[in-house]
Amino acid sequence: MTRTLWRDHAWQLIHTEPQPPALHMALDEVLTHEVGAGHRPPTLRVWEWGGPAVVIGRFQSLRNEVDADAAQRHGIEVVRRVSGGGAMFIEPGNTITWSIYAPLSLIKGMSFQEAYAWMDAWTLEALAELGIEAWYQPLNDITSAGGKIAGAAQAHRGGAVLHHVTMAYDIDATKMLEVLRIGREKLSDKGTQSAAKRVDPLRSQTGLARAAIIEHMIATFRHRHGLADGALRADELTQAKVLAREKFTSHVWTADVP
Amino acid sequence: MHGEYKMPGGKLIVVDLELVDGHLAQVRVSGDFFLEPDHALHAIDAALEGQSADADEHVLASAVRARLAPGVMMYGISPEAIAVAVRRAIDPDTAP
């Protein structure tokens, strides 16, 4: 396997109507597999959230990360994703989330650190065009002078890499802190006393509507890497719905690391 | 018992465990690190299970390393950092 370049692939876009959180988790697993098996071209999927969620990383302790009572009180679904990294607090409209599914050849020979930055070089370009100077802060953050903008996570599965990113658009930091138990230890090297200040909303920095930022990001990807409009196949959606029901809404999976 | 360690330049590693007759039991490692393949987490927990409560960081890290299959990739976490989190869980008073 030799390294491939972005332009060696025929990228396809999936951007559908809002979907439930567990279905998003399942789609990441299904589409990573489909690209790895050569059943679909490398794909950029932009997420629309059908409801509020806390998404915890593959290796995070459910109990340590989430205040279950607060989540229930606010009607927030708790789901575990297939990739590592930290918990995210999601309300429809408060974040911008996407996934890239690519053959492993795209990051062949790269260190983890290089691969994260490589997969999001287009993101930094898109943000710069919106007037935000942002950079990659290893291991997996995109940050700016005004604070952290986004977190990324990767997972390797059967010949493909999943790279997904959530950017903070307009986070309700107070509610987020009620629901997430953010460890004192985690903040120890961030140089700030306030967890609320760690996530800097994209809205305040651009003044743009969320949809306008998404539109601009898609255009940047299209210009830089090439991107054709695509759609979920019916069989992919069916597989994902089964997986959402049997795995991603099950306590066995969500509490796999209790 | 509960220990946390933020690996310098890495991610948060959390260890929850019990001590039974001077040995580690019900060890659960968690955190916002990255690990491939993901089931390697269970091998890490298993490597720590039953270790002596007196085991030093070197012994604990070696036990974890020995249990990991070839090809396991870690990002933001290491056997040494896991060992620190375990010691912090056992000796909460000595954590800086």
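In this predicted model, B:Glu18 has its bridge partner in β3 of chain B, and that partner is B:Ala25. The two strands behind this match-up, β2 (residues 12-20) and β3 of chain B, run antiparallel to each other and share 7 bridges.

Zooming out a little, β2 and β3 belong to an open sheet of 3 strands in chain B, laid out in the order β1-β2-β3 with antiparallel pairing. The edges are taken by β1 (2-6) and β3 (23-31) of chain B, each of which pairs on one side only. Going from one strand to the next, the twist averages 20°. A helix joins the picture too: α3 (residues 79-90) of chain B lies across β1, β2 and β3 of that chain, and runs at about 50° to β2.

Now for the nonpolar cores. The largest one has 43 residues, and A:Trp98, A:Ile100, A:Met167 and A:Leu202 have the most contacts inside it. Several elements of chain A chip in two or more residues, including strands β6 (95-103), β9 (147-157) and β10 (160-168), along with helices α4 (112-119) and α5 (121-129). The largest share, 5 residues, comes from α8 of chain A, the helix that spans residues 210-225.

What does A:Met167 touch, leaving aside residues up to four places away in sequence? Its contacts include A:Trp98 and A:Leu202, both also listed among the core residues with the most contacts. A:Thr123, A:Leu127, A:Ile213 and A:Met217 are among the others that A:Met167 touches.

There is also a second, separate core, this one of 31 residues, with B:Leu35, B:Ala47, B:Ile77 and B:Val84 among them.

Technical notes: Residues are numbered from 1 along each chain as its sequence is written. Chains are lettered from A and ligands numbered from 1 in the order in which they are written. This is a predicted model: local features need pLDDT of at least 70, side-chain atom pairs count only at pLDDT 80 or more; totals for chains, interfaces and linings use all residues. Side-chain values use heavy atoms; hydrogens and water are left out. A nonpolar core is a set of buried Ala, Val, Leu, Ile, Met, Phe, Trp, Tyr and Cys residues joined through side-chain atoms within 4.5 Å. Buried means under 20% relative accessible area, exposed over 50%, partly exposed in between (1.4 Å probe, protein chains only). Helices (H or I, at least four residues) and strands (E, at least two) are DSSP runs, numbered from the N terminus. Contact means heavy atoms within 4.5 Å. Two strands pair if DSSP finds at least two bridges between them. Axes are lines fitted to C-alpha atoms, for helices over the stretch in contact, and angles run from 0 to 180 degrees between N-to-C directions.
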